[in-house]
Structures are given as C-alpha cells and as structure tokens.
Amino acid sequence: MTSSPEDLADPSGSPGPWVLHTTDNGVSWITLNRPEAMNAVTWDQRERIITLLGEASADPAVRAVVLTATGRGFCAGADLRGAPATGDRVPGDVARTIRLGAQRLIAAVLDCEKPVLAAVNGTAAGIGAHLAFACDLVLAAESAKFIEVFVRRGLVPDGGGAYLLPRLIGPQRAKELMFFGDALPAADAERLGLVNRTVPDEELTETARAWAQRLAGGPTRAIALTKQLVNASMDDGRATAFAAEAMAQEVNMTTRDANEGVASFVERRAPKYRGV
C-alpha cells in the first residue's frame, strides 16, 4: 500500500490533509477529508482530485478508483472560499469559472480510463451529488441522501447535472429533483437507478473494497473501452455507436487480457488478467 496525503490550508480552520490518497492492491482510494465542513469541496481539493484521476488513468498499476469521504457527508457541494480571488465580476466570469471548475471535475471522472466507484457515506448535495452520479458505479450507505440543492439558492444546476440526470433517470424525474430540491434518501435513489446498491453504513467500506477488487482483477483495457462506449452511446446515433463498438473490440483484441480470456475459456480455467 502507498499513500500520498495532500496537505492544504483550510479556510474553515480544519487541519489537513484534506484529500487522503492510498493505492492498495491496484485500487486508488481518493478520500475527501473535511468532515467539519461536510466535505464541501474547495478549489484546491478539486484540482487534487482531477490530478489523481489523471494519474490513475496513466498508471498501469492502478486498475480501479474508489471515491469516498470521511464523516457524515460525502460532499455538501462547492466551497468557494478556497478559490483564488478574482476581483470585480465581469460578464463571462461565471461561465468561465464553471467550465474550468465544476465541469472539469465531472469530466475528469467521466474520462478516467479506469472504472470509478463512488462510496457515498453521507449527504451528497449539489456538485457533490453530481460527483457521485458521474462515477461508473455508486454504492450508498443507508443514511446517505442526495440533494439537487441549486434551486434552494435560486441557481441553475451546474457541474453537469442537467447532462447527467436525464440520461440516468429520464427528463421528468430529473426535473422533479431539480425543480423542488428535495432530499432523496439512498433507498429511493437506488429505486430510481441513481445508485447501484444501498448497504448498511457499517458495511459501506468493505462492500466498496470488495467491488473495487473485482474491478481491479478484471480486464482493465476492456473495461475502459466499455466505459467509453457506454458514455458515448448517450449522445451517439446507432450507426456511430455500432462503428465505435466494432473499433473498440478491434483495439481490445490486441491486448494480452483479451487473449487470456479466450484461452482460459478454451482451456476451461479461470482467467488471470493483468490489466494489459
């Protein structure tokens, strides 16, 4: 196991490190660690998470990622107190901030070349909810809840919310969550399809570990290509999706894991995937 805690200055006075990072058995664990602030994400934390996701993509030793948090909250939204001062606002500042901030964070999860599993330990609100929904698989503690909090503040959802939610649960359900801003308990989120599995709070970490180890033991490149296909299919027509699928299989068949998978089937034994 390796660890690389990131020490950051917390405007709320909470001691660092704000982002805990360890790599264990091929799994990169990224943990938000500002429990006093319900893990409201700062500018520095966001940049650290983006960096770690990029490193996970590039590191062949990393074969899965778990994104989780400490305390009662998964992520209560954005904490702009840690952002660089910009002075007087001019037209274009807000759009630029969103493009370079929240949208980059969500894109980093969607574009990560390794499967990303969210282990939602508590409240996920605003960008925190979207951070979870962007992950490939979502586990939630029974006490967790999801809140499209923007309407409570008179704001439009950002951080990819209006892109992610309709694709996950359809436009009517997405509008209900976004128009009212009601808290959605984990069990209801699972029923709607926003969460893969709800588990007792005390079982969340071990369940996440078990799922992550299954992912880490799988054919990493095949999973990465599958992730790309599924994500792109939400926007592509059938012809484009079919062409992308054929090309992905063409690329995948050059990997050692694909050949191992076929050989193990022929030889009637369990495959031994190495992630290459």
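Strands β7 (residues 123-125) and β9 (residues 145-147) run parallel here, joined by 2 bridges. Keep in mind that this is a predicted model. Two things get a look below: the sheet that holds this pair, and the second largest pocket.

**The sheet**

- One bridge to look up pairs Ala 125 with Ile 147 in β9.
- Zooming out, β7 and β9 sit in an open sheet of 4 strands, ordered β5-β7-β9-β10, and the pairing is mixed.
- The edges go to β5 (73-75) and β10 (183-185); each has a single partner strand, so one side of each has no neighbour in the sheet.
- From one strand to the next, the twist averages 20°.
- As a reminder, strands of a sheet pair through backbone hydrogen bonds, and they can do that in parallel or antiparallel fashion.

**The second largest pocket**

- If you're after a volume, the second largest pocket comes out at about 560 Å³.
- Its lining has 27 residues, and the closest to the pocket centre are Leu 110, Ala 134, Cys 135, Asp 136 and Asn 231.

**What lines that pocket**

- Four elements each chip in at least two lining residues: α3 (102-111), β8 (137-141), α5 (161-169) and α9 (220-233).
- Which element gives the largest share of the lining? That's α9, with 6 residues.
- By residue class, the lining of the second largest pocket splits into 17 nonpolar, 4 polar and 6 charged.

Methods:
Residues are numbered from 1 along each chain as its sequence is written. This is a predicted model: local features need pLDDT of at least 70, side-chain atom pairs count only at pLDDT 80 or more; totals for chains, interfaces and linings use all residues. Side-chain values use heavy atoms; hydrogens and water are left out. Two strands pair if DSSP finds at least two bridges between them. Axes are lines fitted to C-alpha atoms, for helices over the stretch in contact, and angles run from 0 to 180 degrees between N-to-C directions. On a 1 Å grid over the protein atoms alone, a cavity is a set of points where a 1.4 Å probe fits but cannot get out, and a pocket is an open set with protein on both sides within 12 Å along at least five of seven lines; lining residues have an atom within 4 Å of a point. Grid points are joined across faces, edges and corners, and a volume is the space filled by probe spheres set on the points. Ala, Val, Leu, Ile, Met, Phe, Trp, Tyr, Cys and Pro count as nonpolar, Asp, Glu, Lys and Arg as charged, and the others, Gly among them, as polar.
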